[in-house]
Amino acid sequence: MKCTVEIECTPLEARQFFGLPDVTPLQERMMSEIEKKMLAEMERFSPDAILKTWLSLYPQTPEQFQDMMARALNGGLAKRP
């Protein structure tokens, strides 16, 4: 014999029914900390910051860097000057 029971309730009601603790304050604090860290690190991943990092790795002129990127995007098929 097979029996199916459907119960409609919110996640909070389910936690309360099973006697689980309310973790909402903890979740709010954790999300606040995660948001702070993400905002602090977001500047590192701006296009300007990434380009500056790449340019510091290759002490070349901007034209040479542009040519290198063009060759990489074209699969290395572009002719070198």
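## Exercises: salt bridges, cover and a surface patch

E33 is partly exposed, with a relative accessible area of 40%. The scale runs as follows: buried is under 20%, exposed is over 50%, and partly exposed lies in between (1.4 Å probe, protein chains only). This is a predicted model: local features need pLDDT of at least 70, side-chain atom pairs count only at pLDDT 80 or more, and totals for chains, interfaces and linings use all residues. Residues are numbered from 1 along each chain as its sequence is written, and side-chain values use heavy atoms, without hydrogens and water.

**Exercise 1.** Find the salt-bridge partner of E33 and place the pair in the fold.

*Solution.*
- Set the criterion: a side-chain nitrogen of Lys or Arg within 4 Å of a carboxyl oxygen of Asp or Glu.
- Apply it: E33 pairs with K36, at 3.6 Å from N to O.
- Place it: both residues lie in helix α2 (residues 24–42). Helices are DSSP runs (H or I) of at least four residues, numbered from the N terminus.
- Read the spacing: E33 and K36 are 3 residues apart, about one turn of the helix.

**Exercise 2.** How many salt bridges does the whole structure hold? Describe the one made by D67.

*Solution.*
- Count: the search of the whole structure gives 2.
- Pair: D67 bridges to R71, with the closest N and O atoms 2.3 Å apart.
- Cross-check: the two side chains also share a polar contact of 2.3 Å. That term means a pair of N or O atoms within 3.5 Å; within protein, one must be able to donate a hydrogen and the other to accept it, and residues adjacent in sequence count only if both atoms are side-chain atoms.
- Place it: D67 and R71 sit in helix α4 (residues 62–73), 4 residues apart, about one turn.
- Compare cover: D67 is partly exposed at 23%, whereas R71 is buried at 18%.

**Exercise 3.** Is helix α1 well covered or hardly covered? Say what follows it.

*Solution.*
- Range: α1 spans residues 11–18.
- Cover: the helix is hardly covered, with 0 buried residues among its 8.
- Next residue: G19 follows α1 and has a positive phi, near 80°.

**Exercise 4.** Which residues make the nonpolar surface patch of about 510 Å²?

*Solution.*
- Rule: patch residues have over 30% relative accessible area and no salt bridge; like charges are joined within 9 Å, nonpolar side chains (Val, Leu, Ile, Met, Phe, Trp, Tyr) within 5 Å. Areas come from the Shrake-Rupley method with a 1.4 Å probe; for residues, only the protein chains shown count as cover.
- Members: L26, M30, M31, I34 and M38.
- Check one: L26 is partly exposed at 44%. L26 is found in helix α2.

Definitions and conventions:
Helix = DSSP H or I, 4+ residues; strand = E, 2+ residues; numbered from the N terminus.
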